[in-house]
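Here is a short briefing to read alongside the model. Have the viewer open, and let's start with one term before turning to the fold.

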Amino acid sequence: MSRSIVRQSKFRHVFGQAVKTDQSYDDIRVSKVTWDSSFCAVNPKFLAVIVESSGGGAFLVLHLSKVGRVDKNYPLVVGHSGPVLDIDWCPHNDNIVASCSEDTTAMVWQIPDHTPSRPISEPIVVLEGHSKRVGIIKWHPTARNILLTAGGDNLIIIWNVGTGEPLMTMDDHPDLIYNVSWNYNGSLFCTTCKDRRLRVCDPRKNEVVAERLSPHEGIRPMRAIFTKEGNIFTTGFTRMSQRELGLWDPTNFEEPIALLELDTSNGVLLPFYDPDTNIVYLSGKGDSSIRYFEITEEPPYVHYISTFSSKEPQRGMGFMPKRGVDVSKCEIARLYKLHERKCEPIMMTVPRKSDLFQDDLYPDTAGPEPALEPEEWMDGRDADPILVSMRDGYVPPKSRELKVAKKNVLDTRPATRRSMSVIDGSSLPPQLLEKLVEEIQNLKATVLSQEKRICDLENKLFKYTNGTV
């Protein structure tokens, strides 16, 4: 009786292919800051890259269709007074991007659908709460307007961007935090730290629910991400400085599910995970290759698939959400590789003969609608992402404005007590009070109608400039 010795998997023949030269983004001065972030973020509408800039920090935002050479005077997103260290697109609004910087602040920006005529310098909201540089920024995967930042002051702060206020602060880390990753429904997050511990944190209880000392024995930086099933995938170094992968069950940190040695290169491996296919793509800074592995429930649990290699080393990497891939070409992932002066898209494709939609490659994926409001999440509710079908491809919705309703700090202070004689002499007549309230309401209605008119005009301008009208 013959036995099959080849593992059965529909992703066994996935291959990577760089786009043609004229489909890259050229003449981008990628940042030279010594920080282990990906320097690049991408969504179905825009590509954002942290770039070199004098007199503060900046990043570049391009429409995905704007391939080719980027004009040296192309308007940047400026506003930070120090170098930008990390950027992240909002999963629930493709026009909203968050950035953090050495200037100790995080900022949230609204990017217009049309190409701006001048630099974008006014953020929607500035988040100030850290005392040292802010190096990590992550949106919550399912709750609207929830944003996490981690700084050099070893604090993790979770914000409600809709009000611009911090919801909670965690100070459980005694040293520099290397990375943070939310789990699939955003109920927990895991962190790696310079003290060589891997922690699982419950933000709403403000406590560490599990931790493991030295998942990798080396002293070099580690990375950790949650898988869809709730396990944790880690990258790090052995005591002999070999790069190593690990898969862990956070409910039992004693022994790894899998541990795999790779090579002796120096770069920290940045993992990019696709929950729909359970494939993780590993990109090391300074490497010229991308390795990819499939995580399954059968031994050895982490299966090597293949390696995409090129000549040029990478400075950073962006990972497209599943909503942005091309289903007509059986593309299951797209990475954006940063060179010294350009950004090159790399498509990961499953070879199929049929041109029909491949149901087995494209299960319903996380859509742009949030599953929870901030108040529901804070009250303890959890929800998986709201899924959308990929059958007809994904069409990004029109720009939606993020409104920030900041509370007046003066409202929380007790009112000054005044004598009755003062109140009697200065109280307003009821008719005048009604008139003032009516005038305020009319002004608010006018402002809202003007905002809507501006948004409509911007969308119309975008259509004209892109030749869709």
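A salt bridge here is a side-chain nitrogen of Lys or Arg within 4 Å of a carboxyl oxygen of Asp or Glu. This is a predicted model, in which local features need pLDDT of at least 70, side-chain atom pairs count only at pLDDT 80 or more, and totals for chains, interfaces and linings use all residues. Residues are numbered from 1 along each chain as its sequence is written, and side-chain values use heavy atoms, with hydrogens and water left out.

**Overall build**
- The protein has 32 strands and 3 helices, taken as DSSP runs (E, at least two residues, for strands; H or I, at least four, for helices).
- Of its 469 residues, 50% are buried, meaning under 20% relative accessible area with a 1.4 Å probe, protein chains only.
- Contacts (heavy atoms within 4.5 Å) between residues at least 6 apart in sequence join residues at least 24 apart in 53% of cases.

**The annotated repeats**
- An unreviewed UniProt entry lists "repeat: WD" at residues 77–111 and 127–169; such annotations may be inferred rather than shown by experiment.
- Residues 77–111 are 63% strand and 0% helix, with end C-alpha atoms 9 Å apart.

**A closer look at Arg223**
- Arg223 belongs to strand E20, which covers residues 223–226.
- Which side chain of opposite charge is nearest to Arg223? Asp36 is, at 4.4 Å, and buried Arg223 has no salt bridge.
- The Arg223 side chain does reach the backbone oxygen of Asp36, at 2.7 Å.
- Leaving out residues up to four places away in sequence, Arg223 touches several others, including Tyr178, Thr192, Phe233 and Leu270.

Notes:
Lys and Arg count as positive and Asp and Glu as negative; His and the chain ends are not counted. A polar contact is a pair of N or O atoms within 3.5 Å; within protein, one must be able to donate a hydrogen and the other to accept it, and residues adjacent in sequence count only if both atoms are side-chain atoms.
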